[in-house]
Amino acid sequence: MRILLDECVNPRLRLAFPGDEVKTISEMDWRSMRNGQLLKEAAGRFDVFITLDQSLQSQNPIHDRPIGVLVLVTPFNDLATYRPHFARIRDSARRTKAGQVKVLEI
């Protein structure tokens, strides 16, 4: 699985995806892109985009893009908060299909 982490997501979330290809916005040098352009660039290169941006789906049409979006709703953006939910996050990412937005509260 090819996963792109938004810059608002703690990059250490990649630990939830052993064996998968996980990149961050910074690693792709896409920090200055707006969400629409970002999704366009990521489509075809990544299977799922993980973000904390709950307004992304209302601002950008996703249904016609060859990438899925997983929106995490979390009180804290640190590894200690994510770690107990690694399996749920990984499972949700794998079940998110192209053109679909899933929201996961952790």
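This passage walks through the sheet, the helices and the nonpolar cores of a predicted model.

A good place to start is the sheet. Five strands form an open sheet in the order 2-1-3-4-5, and their pairing is parallel. At the edges stand strand 2 (21-24) and strand 5, each of which pairs on one side only. On average, neighbouring strands of this sheet are turned by 20 degrees against each other, direction ignored. As general background, strands of a sheet pair through backbone hydrogen bonds, either parallel or antiparallel.

Strand 4 deserves a closer look. Strand 3 and strand 4 run parallel and are joined by four bridges, while five bridges join strand 4 to strand 5, also in parallel. Following single residues across these strands makes the pattern easier to see. Val48 stands opposite Gly68 in strand 4, and Phe49 has Val69 of strand 4 as its bridge partner. Val69 in turn has a bridge partner in strand 5, namely Val101. Helix 4 packs on the sheet, where it touches strand 3, strand 4 and strand 5. The direction of helix 4 makes about 170 degrees with that of strand 5.

How many of the residues of strand 4 are buried? Six of its six residues are, so the strand is mostly covered. In a regular strand the side chains alternate between the two faces of the sheet. In strand 4, Gly68, Leu70 and Leu72 point one way, whereas Val69, Val71 and Val73 point the other way, and all are buried. Val101, which lies in strand 5 (residues 101-105), is partly exposed, with a relative accessible area of 25%. Val101 is 34 residues from Ile67 in sequence, and the two C-alpha atoms are 9.3 Å apart in space.

The interior comes next. In soluble globular proteins, nonpolar side chains tend to be buried together. The largest nonpolar core here has 19 residues, and those that touch the most other members are Leu13, Phe17, Ile50, Leu70, Leu72, Tyr82 and Ile89. Two or more residues each are given to this core by strand 1 (2-5), strand 3 (48-51), strand 4 (68-73), helix 3 (79-82) and helix 4 (86-95). Helix 4 supplies the largest share, three residues. Ile50 shows how distant parts of the sequence meet: leaving aside neighbours within four places, its contacts include Ile3, Leu5, Val9, Leu13, Phe17, Leu70, Leu72 and Ala93. Another core, of 13 residues, lies apart from this one and has Ala42, Phe46, Leu56 and Ile67 among its members.

Helix 1 has a buried side of its own. Which residues of helix 1 (residues 35-42) are buried? They are Asn35, Leu38, Leu39 and Ala42. These residues sit on the same side of helix 1 because they cover an arc of only 95 degrees around the axis. The spacing fits a simple rule: an α-helix has 3.6 residues a turn, so residues three or four places apart point the same way. After helix 1 comes Gly44, whose phi is positive, near 90 degrees.

One residue of helix 3 rounds off the picture. Is Thr81, found in helix 3, buried or exposed? Its relative accessible area is 15%, so Thr81 is buried, the cut-off being under 20%. The side chain of Thr81 makes a polar contact with the side chain of Asp78, at 2.6 Å. Not counting residues up to four places away in sequence, Thr81 also touches Thr74, Pro75 and Phe76.

How values were computed: Residues are numbered from 1 along each chain as its sequence is written. This is a predicted model: local features need pLDDT of at least 70, side-chain atom pairs count only at pLDDT 80 or more; totals for chains, interfaces and linings use all residues. Side-chain values use heavy atoms; hydrogens and water are left out. Buried means under 20% relative accessible area, exposed over 50%, partly exposed in between (1.4 Å probe, protein chains only). The arc is that of the directions from the helix axis to the C-beta atoms. A nonpolar core is a set of buried Ala, Val, Leu, Ile, Met, Phe, Trp, Tyr and Cys residues joined through side-chain atoms within 4.5 Å. Contact means heavy atoms within 4.5 Å. A polar contact is a pair of N or O atoms within 3.5 Å; within protein, one must be able to donate a hydrogen and the other to accept it, and residues adjacent in sequence count only if both atoms are side-chain atoms. Two strands pair if DSSP finds at least two bridges between them. Axes are lines fitted to C-alpha atoms, for helices over the stretch in contact, and angles run from 0 to 180 degrees between N-to-C directions.
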